[in-house]
Amino acid sequence: MILHRLAADLHRHRLAQRAPGGPLRDYLQTSPPDPGTAVARLRLLALDLETTGLDPRRDAILAAGFVPVDGLVVRLSGADEVVCRAEVPVGQSAAVHGLTDDMVVAGVEPDELVARVASALAGRVLLAHHAPLETGFLSAASQRAFGVPFPATVVDTMELHRRVLGAAEGAIPPGALRLPAARAHLRLPAHRQHRALGDALATAELYLAQVARLSGGRAMTLRALQR
Amino acid sequence: MPDVEIPEVVDFLAQHAPWAVLSEAQLRALARRMSIRYARRGTALMTVGAPNDEVFVVRSGAVQVDDDSGRLVERCAEGGSFGTTTLDGTRSRFAVTALEDTLLLVLPAPAFREVTAAHPAVDGYFSQQRATRLRQAVETVNLAQRDAALQTRVGDLVRRPPVGTTADTTIGDAAAIMAREGVSSLLVVEAGRLVGIVTDRDLRNRVLAVRRDPTAPVATIMTRDPVVAAPDDHALDVVLRMTSRAIHHVPVVDGDEPVGMVTSSDVLRLEQADPVSLVGETAKQRDVDGLARVAARLPGVVERLVAADASADGVARIVTAVGDAITRKLLELAEESLGPAPAAYCWVVLGSQARLEQGLASDQDNALILSDDAGPEAAPWFADLSRFVVDGLTRCGYPRCPGDVMATNPAWRQPLATWRRLFAQWLHVPVPEAVLRSAIFFDMRAVHGDAAVVRTLQGQVQATAPQSTRFLAHLAKHAVGNEPPLGFFRGFVLERRGEHRDTLDLKRGGVGAVVEIARTLALTRGLPQLGTSMRITAAAGAGAIAPESAADLRDAYEYIRHVRLVHQARQVRAGVAPDNFVPPAELSGFDKRHLRDAFAVVRGVQHTLAQAHSVGFVS
């Protein structure tokens with residue numbers, strides 16, 4: 001475990017050396033929280049990306065929404081949303097996320113988006129619902145913009161929800177792990193879906209409710225969340 | 001940090017008082033100063049004696065606030081807030097616990113102080129206690145009445161100085177004065193004091209028809225000590241006095257001194273005075289069909305009264321006056337067709353009509369008290385009478401009582417001695433089911449016949465009820481069991497199924513709950529009052545309820561009835577039968593907030609009542 005962690009640190013260190021100076025390098029040089037960190041003190045950044053599709057190699061990021069979580073408090077003061085100037089047309093995906101070609105044209109360049117996320121994520125755990133999508137797209141965008149991938153320490157609320165639902169109950173019904181279903185299961189209010197910041201906030205709230213369930217009031221560490 | 005909008009939070013705040021008064025930009029800025037926390041059910045959010053420097057707004061779920069002696073203060077559902085009383089450094093006097101898994105928006109004290117300093121409306125909202133807010137709501141509602149026709153004072157209706165004479169004036173001279181002055185009534189005054197009244201009708205009925213000598217003194221035909229009004233009385237009260245006694249002339253006296261006369265045509269000139277004509281029309285009808293046609297006008301009259309912002313209590317009294325008039329007329333018609341009664345009897349009304357609180361959706365509840373000397377041979381006559389009146393009432397739009405509490409039911413058509421036994425049984429050998437069904441009989445009023453029998457029964461109840469601990473406990477248990485529809489996730493609990501799905505029942509946990517509380521309180525102290533507000537006031541006087549709680553409960557009662565009345569008037573306008581079920585979409589934000597306050601008051605009093613009667617309180 002310790003060796004694994006050392007290897008990961010070393011990897012980040014090497015990437016930092018290859019990355020250009022700026023928020024991305026700063027991010028890579030800042031250690032993520034230790035796996036032994038208590039959940040009550042764990043700093044995370046709930047992140048949601050809106051994309052033109054599901055394939056990081058072909059599709060592009062259209063927007064990133066994020067909000068910091070300090071321990072068991074969601075800090076709305078740190079909430080932000082960044083719309084990206086995509087290299088590909090928004091096309092039919094506009095029907096889902098509501099971002100039109102015009103809005104996207106007015107957005108920032110992809111490297112700026114990666115830099116903004118990196119800056120907000122420094123020293124924090126990336127918190128997302130089905131995190132492989134977020135890490136995959138961030139890495140692809142980072143690779144294209146800066147020539148380095150985007151490593152992140154991750155907590156995935158979809159995986160946490162699998163545990164909330166209980167493996168012993170057998171097959172989890174289709175759709176039960178989706179963000180709205182997971183929130184409804186924990187009796188959180190309905191939210192507007194497919195807006196980057198709205199989904200990030202929804203994920204952050206879901207995380208608070210999941211941690212309350214899974215910890216049952218006892219101390220819990222980052223390691224236990226990633227198990 | 002860029003001023004990015006957080007729509008979920010901004011939208012939420014915009015939907016809830018007091019934040020809704022802030023502009024979109026102000027809400028955006030406010031949202032950014034908040035944080036979000038989550039508490040599982042049972043989590044202690046604040047404890048008594050602990051400092052606190054944050055304001056909490058319930059985003060979803062619910063919390064309970066208890067005071068330092070563990071008494072429930074309130075429950076905050078979605079949009080409710082707590083924590084504001086400790087921001088000045090005082091330690092919390094309250095304990096706050098999550099009742100459900102709860103999501104909270106948290107605002108730090110400095111940000112809260114900035115908002116309240118910049119927005120008096122927000123400040124005002126928090127600086128007032130819940131009960132005060134409710135009182136203001138009632139006042140706001142009643143404020144609108146100032147300009148309404150029914151707020152007219154009797155003094156405003158007096159158009160000329162009184163026309164009067166002395167008691168020793170001859171009948172002929174009195175008639176000459178009336179002819180000269182062009183008036184239909186004459187005041188009889190002795191030493192500046194009103195002693196009687198003579199009307200056109202008296203000259204016809206008591207002089208010409210009986211060939212009385214017109215040289216006799218007018219004192220021989222006058223009505224002594226007539227019903228009077230003071231200049232400050234509401235015109236509405238005079239309307240009610242006229243309708244309930246079927247009189248058309250009411251002298252206005254200031255102290256003892258006569259200052260004028262108000263006639264039914266004066267009040268008819270008032271825009272909203274059709275209740276008088278309605279009762280007048282009732283008296284003129286010759287058959288049930290005619291009565292039914294007159295009764296059909298009542299909803300429209302109520303609708304106009306509501307439009308004129310009459311108080312819920314005033315409207316209920318008018319509806320009751322019309323109900324009484326129709327009942328009396330039906331009894332008269334029945335006696336005409338059946339022949340004279342074989343024994344003395346008293347027709348009594350029960351429930352809301354007895355309390356002068358009849359509404360448009362009220363069922364008929366009635367019974368017969370027969371003289372103890374009525375033999376079995378009299379039974380068919382009373383059965384026929386009951387059928388005639390109950391059927392007549394049904395045709396006049398008063399639905400039959402679903403519980404069959406009507407004089408047509410032989411069980412409720414009994415000699416006085418049997419009634420006395422029944423009451424004794426209810427009070428001393430209380431069976432839960434029977435107590436429940438008997439409750440309505442403790443609201444009883446005579447509308448026709450010998451009222452003394454009702455006073456006998458009431459005397460018995462007042463003397464024995466306070467000692468009937470088990471009976472009172474059953475009554476209290478039922479009174480606290482009708483839980484106000486205060487919900488948690490959506491603010492109100494809506495009906496889940498059936499015809500009234502997704503509506504708010506204003507009767508069961510609202511008006512009905514207050515009625516039962518008031519009845520229980522009154523019986524606990526053996527009080528004679530029938531009206532709910534009067535019972536609450538009297539109960540406070542007798543120490544059965546704290547005066548502040550009594551005032552809050554009266555406000556809550558008036559407010560819930562007001563909302564119900566507006567709802568019923570809307571149904572009447574739409575041509576729908578009026579009921580007690582309000583779709584929340586019909587309610588304004590003002591109504592919703594104050595209804596919630598009103599229901600919280602009802603719940604609080606229920607809680608106290610439960611403790612007083614050691615009733616298991618299921619919350």
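**Exercise 1.** Determine which residues Pro342(B) is in contact with, leaving aside its neighbours within four places in sequence.

*Solution.* Two residues are in contact if their C-beta atoms, placed from the backbone, lie within 7 Å. By this criterion, Pro342(B) touches Ala374(B), Ala378(B) and Trp381(B), sequence neighbours within four places being set aside. The C-alpha atoms of Pro342(B) and Trp381(B) are 7.4 Å apart, although 39 residues separate the two along the chain.

The model is predicted: local features need pLDDT of at least 70 and side-chain atom pairs pLDDT 80 or more, while totals for chains, interfaces and linings use all residues. Residues are numbered from 1 along each chain as its sequence is written, and chains are lettered from A and ligands numbered from 1 in the order in which they are written.

**Exercise 2.** State whether Pro342(B) counts as buried, partly exposed or exposed.

*Solution.* A residue is buried with 20 or more other C-beta atoms (placed from the backbone) within 10 Å of its own, exposed with 12 or fewer, and partly exposed in between. Pro342(B) has 17 such neighbours and is therefore partly exposed.

**Exercise 3.** Describe the open sheet of chain B that contains E15 and identify its edge strands.

*Solution.* Strands are DSSP runs (E, at least two residues), numbered from the N terminus; two strands pair if DSSP finds at least two bridges between them. The four strands follow the order E17-E16-E15-E18 (chain B), with mixed pairing. E17 (413-415) and E18 (444-449) of chain B each have a single partner strand, so one side of each lacks a neighbour in the sheet. Within the sheet, E15(B) and E16(B) pair in the antiparallel sense over five bridges, and Cys346(B) has Ile369(B) as its bridge partner in E16(B).
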